[in-house]
Structure formats: structure tokens, C-alpha cells
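Biologist: I'm new to reading protein models. Could you walk me through one, feature by feature?

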Amino acid sequence: MSNYAKTGGEKHSAATPTPQNGAAKGDFAKTVLMPGDPLRAQFIAKTYLEGAKLVNNVRYAQGYTGTYKGRSVSVMASGMGMPSMGIHAYELFNFYDVDHIIRIGTAGAINPAVSVRDVVAAVGVSTNSEFAMSQFPVNGHFSAVASYRLLKTADSCAEELGIPLTFGSLYSTDLFYDASGAATEWGKLGHLAVEMEAYGLYVTAQQSGKEALALCTISDHLLTGESLDAETRQNTFTDMMEVALESALRL
Ligand code: HPA
């Protein structure tokens with residue numbers, strides 16, 4: 001655990017359950033897959049995990065632990081936005097002894113290099129949020145990066161499964177309805193897609209001395225106006241979930 005997480009842990013009660021998580025210590029596996037949507041967490045638990053047990057249902061942030069090919073794996077909804085992701089990831093890393101979180105989410109493409117259905121693996125994340133810089137006594141800008149080990153693991157699992165991954169940067173925003181049009185400007189600066197959670201996850205993993213990776217399926221394209229129909233959406237999500245689950249086996 002890093003210094004910031006330790007001092008954070010002293011300031012913040014590490015008692016479990018927490019106001020945001022009804023699970024007891026030991027209820028989560030070392031690896032947690034985090035979709036934003038609780039129904040998707042439930043779908044993964046019911047479709048892929050054996051003996052899945054509901055360990056959290058506070059605010060319907062559904063969390064399940066079961067086994068995948070014999071390995072204990074958890075899945076829990078992050079909710080929308082960096083505040084929600086930040087709370088859950090902080091507690092999982094620092095109070096529940098979780099070591100790895102793999103976000104499996106959706107993102108809107110802001111760069112012609114990616115298309116709907118593509119799965120993006122976020123090497124790094126930029127943001128318009130004060131999530132990091134409002135809490136640490138440092139000057140400058142926090143570069144939020146993935147765990148290289150998780151990136152490498154996902155890369156080799158995806159290759160073995162025949163699922164292409166696109167590696168690059170995401171833009172995490174506080175604003176879904178952004179009147180400024182900033183997202184496409186970030187696209188011109190080489191970012192592939194916009195979503196709302198990856199930066200909060202990466203910063204929390206780095207401050208906690210733990211590992212994180214964000215995988216995002218492109219569900220809509222801000223440059224072309226294209227979006228996925230429901231059936232394609234489900235199939236593409238399934239590809240991404242399988243990359244995440246197979247990766248969990250190798251951590
Ligand atoms: N903006 C923010 N988050 C998103 C989007 C978007 O266009 N699409 C999917 N997640």
C-alpha cells in the first residue's frame with residue numbers, strides 16, 4: 001500500500017462494511033471486474049461465474065464473487081462518473097484487500113482511428129476533472145496510467161482469443177452533456193475515446209499501490225454519429241468481458 005493510501009487509510013475509517021459497500025472483509029476476490037452498469041455486473045455473474053454470491057447491493061452497486069475456471073473472481077458495478085468509481089475503487093483496494101481492478105465499460109469515439117465495436121485498452125488517461133489535483137499536496141498534473149502488467153496480460157489474452165484491442169489514451173470527463181464540445185478537441189490531441197471513470201480508477205490504483213486497467217467498447221462515435229444496436233452491443237461486450245475474465249486467470 002502506498003504512502004497516500006496509508007495516510008488516507010489512517011484518516012478514513014477502514015471498517016467494513018462501509019456506508020457504500022455492504023460486503024464483509026474477505027468477500028471480494030483479489031481481482032474485481034467493474035462495469036459501470038449494475039445489470040451488466042449481474043449478467044457477468046450469472047453467465048460466467050460459478051457459485052456467484054451477491055456480496056454488495058448498497059445503492060444497487062451490485063457486487064458478486066464466484067469462480068471462473070476454478071479461480072475466485074469478483075464483479076462489481078462502479079456506477080457512473082469518477083466520484084462513484086473513486087469511492088468503490090478506493091474501498092476495494094484499501095479496505096477489502098483487492099489487488100487488481102479491470103474496468104469493462106463503454107466509451108464514445110472521438111478519433112477517426114477507432115470505430116464502433118472496437119475495444120480500446122487505455123494506456124493512459126487525460127481529464128477535465130480535479131479528481132487527483134484537489135487531494136494531493138503536489139504541483140503539476142497527475143499522469144494516470146494503466147498497470148503495464150495488466151496491459152500485457154490483456155494483450156496476450158485478446159490475441160489468443162482473436163479479439164483485436166486498440167491501445168491508446170482515453171479522455172475521462174465529468175460532463176456527459178458538455179456544452180463546450182471539448183471531447184472532440186481531445187480527439188484532435190490523439191485521444192481515442194471519451195468516458196467518465198478511467199481516470200478516477202487509475203489515480204486511485206496508483207495512490208493505493210495497486211493495479212488497474214480500463215477496457216472500453218466503443219458504443220457510439222462522436223465524429224460520425226454512429227451507435228451500436230442492442231444486439232451488437234451485447235456481443236461486443238461479451239468479447240471484452242472474456243478478455244477481462246481470461247486476464248483475471250493470469251494475475
Ligand atoms: N461521453 C461520455 N461517456 C460516454 C460516452 C460519451 O459520449 N459514450 C459512452 N460513454
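Biologist: Let's start small. Which residues does glycine 79 touch, not counting residues up to four places away in sequence?

Modeller: Some ground rules come before that. This is a predicted model, in which local features need pLDDT of at least 70 and side-chain atom pairs count only at pLDDT 80 or more, while totals for chains, interfaces and linings use all residues. Residues are numbered from 1 along each chain as its sequence is written, and side-chain values use heavy atoms, with hydrogens and water left out. Now, contact means heavy atoms within 4.5 Å. By that rule, glycine 79 touches Gly36, Ser84 and Glu197.

Biologist: Where does glycine 79 lie?

Modeller: Helices (H or I, at least four residues) and strands (E, at least two) are DSSP runs, numbered from the N terminus. Glycine 79 sits in the loop between strand S4 (71-76) and helix H3 (82-94).

Biologist: And how do I read burial? Is glutamate 246 buried or exposed?

Modeller: Buried means under 20% relative accessible area, exposed over 50%, and partly exposed in between (1.4 Å probe, protein chains only). Glutamate 246, in helix H7, has a relative accessible area of 13%, so it is buried. Glycine 79, at 21%, is partly exposed.

Biologist: What does the side chain of glutamate 246 make a polar contact with?

Modeller: A polar contact is a pair of N or O atoms within 3.5 Å; within protein, one must be able to donate a hydrogen and the other to accept it, and residues adjacent in sequence count only if both atoms are side-chain atoms. For glutamate 246, the partner is the side chain of tyrosine 68, at 2.7 Å. Leaving aside neighbours within four places in sequence, glutamate 246 is in contact with Tyr68, Lys69, Cys157 and Leu161.

Biologist: Lysine 69 is on that list. What is its phi?

Modeller: Lysine 69 has a positive phi of about 50°, although it is not a glycine. You'll find lysine 69 in the loop between S3 and S4, and at 61% relative accessibility it counts as exposed.

Biologist: Let's try a helix. Which residues of helix H2 are buried?

Modeller: In H2 (residues 38-48), they are Pro38, Ala41, Ile44, Ala45 and Tyr48. Looking down the axis, these fall within an arc of 130°, so they line one face of the helix. The arc is that of the directions from the helix axis to the C-beta atoms.

Biologist: What covers those buried residues of H2?

Modeller: The cover includes strand S2 (50-56), strand S3 (63-68), S4, strand S5 (100-109) and helix H7 (230-249).

Biologist: Last one: how many residues line the largest pocket?

Modeller: On a 1 Å grid over the protein atoms alone, a pocket is an open set of points where a 1.4 Å probe fits, with protein on both sides within 12 Å along at least five of seven lines; lining residues have an atom within 4 Å of a point. Here the largest pocket has 31 lining residues, of which Thr106, Ala107, Phe176, Glu195 and Met196 lie nearest its centre. S5 gives the most to that lining, with six residues.

Biologist: And how much space lies in the largest pocket?

Modeller: About 750 Å³. That volume is the space filled by probe spheres set on the points, with grid points joined across faces, edges and corners.
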